[in-house]
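User: Please take one part of this model and look at it closely. Set it against the whole chain as you go.

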Amino acid sequence: MRSRRFAKTTHAGCIFEYVYLARPDSVIRGRSVNAVRLELGRQLAREFPADGDLVMPVPESGTPAAVGYAQESGIPFGQGLTKNGYVGRTFIQPSQTIRQLGIRLKLNPLKEVIAGKRLVVVDDSIVRGNTQRALIRMLREAGAKEVHVRIASPPVKWPCFYGIDFASPGELLANGVDENDVVQGIATAIGADSLGFVSVEGMVAASQQAPAEVCCACFDGKYPLGLPEGNPNAAAVEKMQAAQAAKNASATA
Ligand code: SF4
């Protein structure tokens, strides 16, 4: 028996594992997922401070980032939503109707915590925006004075070809708003008083991984393995990449 190395190995681990996918008690490449999420919250508070009375998470994956945000900002932390633990994760369910139904079944507001407060609501990511839109409406109905949304990852703009079901680029909220001001466009679409996303650089720094050794493609469109052939979403991505290159070229001209 003989073995030989036929190609140089490179590593490009999924950054979304740290942001949302992995269990918080996981350790990936020597870094605790819970510690990354706490640090993402602190980073978010440094990048996008907010005037608020209460920092509250979207349970449960937004919780460590909300704790980090509260620690860094000095704004008190509280639980303004309760979660029904029997309903599955929202963005990987198959149809729009089931997803929207899922949101209602999943989270309930605690009116006595929310009423009259300027809330800083921390979530892990925005993919389609359905959860956040329904949630902000629910918080206002429960008496929130202001709702400032802070997201512990950058806007998801690009599809994943490596196994995560974000569906087509057209279904991602970041692609359905004014491309000249994506953040304001998303804030308007979900009904937030203000919105901030942690930067790609801030997210990678929180992971403590080498930038060249992580995949951030769904956030920055840089696919470490290139695009798959014959995939209809790949053709859409090529068009998006060409449009972005043209925009960058005209900005530098
Ligand atoms: S594109 Fe990369 S970072 Fe995003 S979910 Fe897929 S593997 Fe993870």
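Analyst: Of the 253 residues of the chain, 45% count as buried; buried means under 20% relative accessible area, exposed over 50%, and partly exposed in between, with a 1.4 Å probe and protein chains only. The model is predicted: local features need pLDDT of at least 70, side-chain atom pairs count only at pLDDT 80 or more, and totals for chains, interfaces and linings use all residues. Residues are numbered from 1 along each chain as its sequence is written, and side-chain values use heavy atoms, with hydrogens and water left out.

First, the frame. The chain holds 10 helices and 10 strands. These are DSSP runs numbered from the N terminus: helices are H or I with at least four residues, strands are E with at least two. The C-alpha trace spans about 65 × 45 × 40 Å along its principal axes. Contact here means heavy atoms within 4.5 Å. Among contacts between residues at least 6 apart in sequence, 70% join residues at least 24 apart.

Now the part chosen: the shell around the ligand. A residue belongs near a molecule if one of its heavy atoms lies within 4 Å of it. Cys14, Ile15, Phe16, Cys160, Tyr162, Ile164, Cys215, Ala217 and Cys218 surround the ligand. Two helices, α1 (15–21) and α9 (217–220), each supply at least two residues of this shell. By class, the shell has nine nonpolar residues, no polar ones and no charged ones. The classes are simple: Ala, Val, Leu, Ile, Met, Phe, Trp, Tyr, Cys and Pro are nonpolar; Asp, Glu, Lys and Arg are charged; the others, Gly among them, are polar.

One shell residue deserves its own look. Cys160 is in the loop between β8 (146–151) and α7 (182–190). Cys160 counts as partly exposed because its relative accessibility is 22%. Glu213 is 53 residues from Cys160 along the chain, and their C-alpha atoms are separated by 17 Å.

Another helix offers a contrast in setting. α6 covers residues 130–141, 12 in number, and should span 16 Å at 1.5 Å a residue; its end C-alpha atoms are 17 Å apart, which agrees. The expected span is 1.5 Å times one less than the number of residues. Its buried residues are Asn130, Thr131, Gln132, Leu135, Ile136, Met138 and Leu139. After α6 comes Gly143, with a positive phi near 105°.
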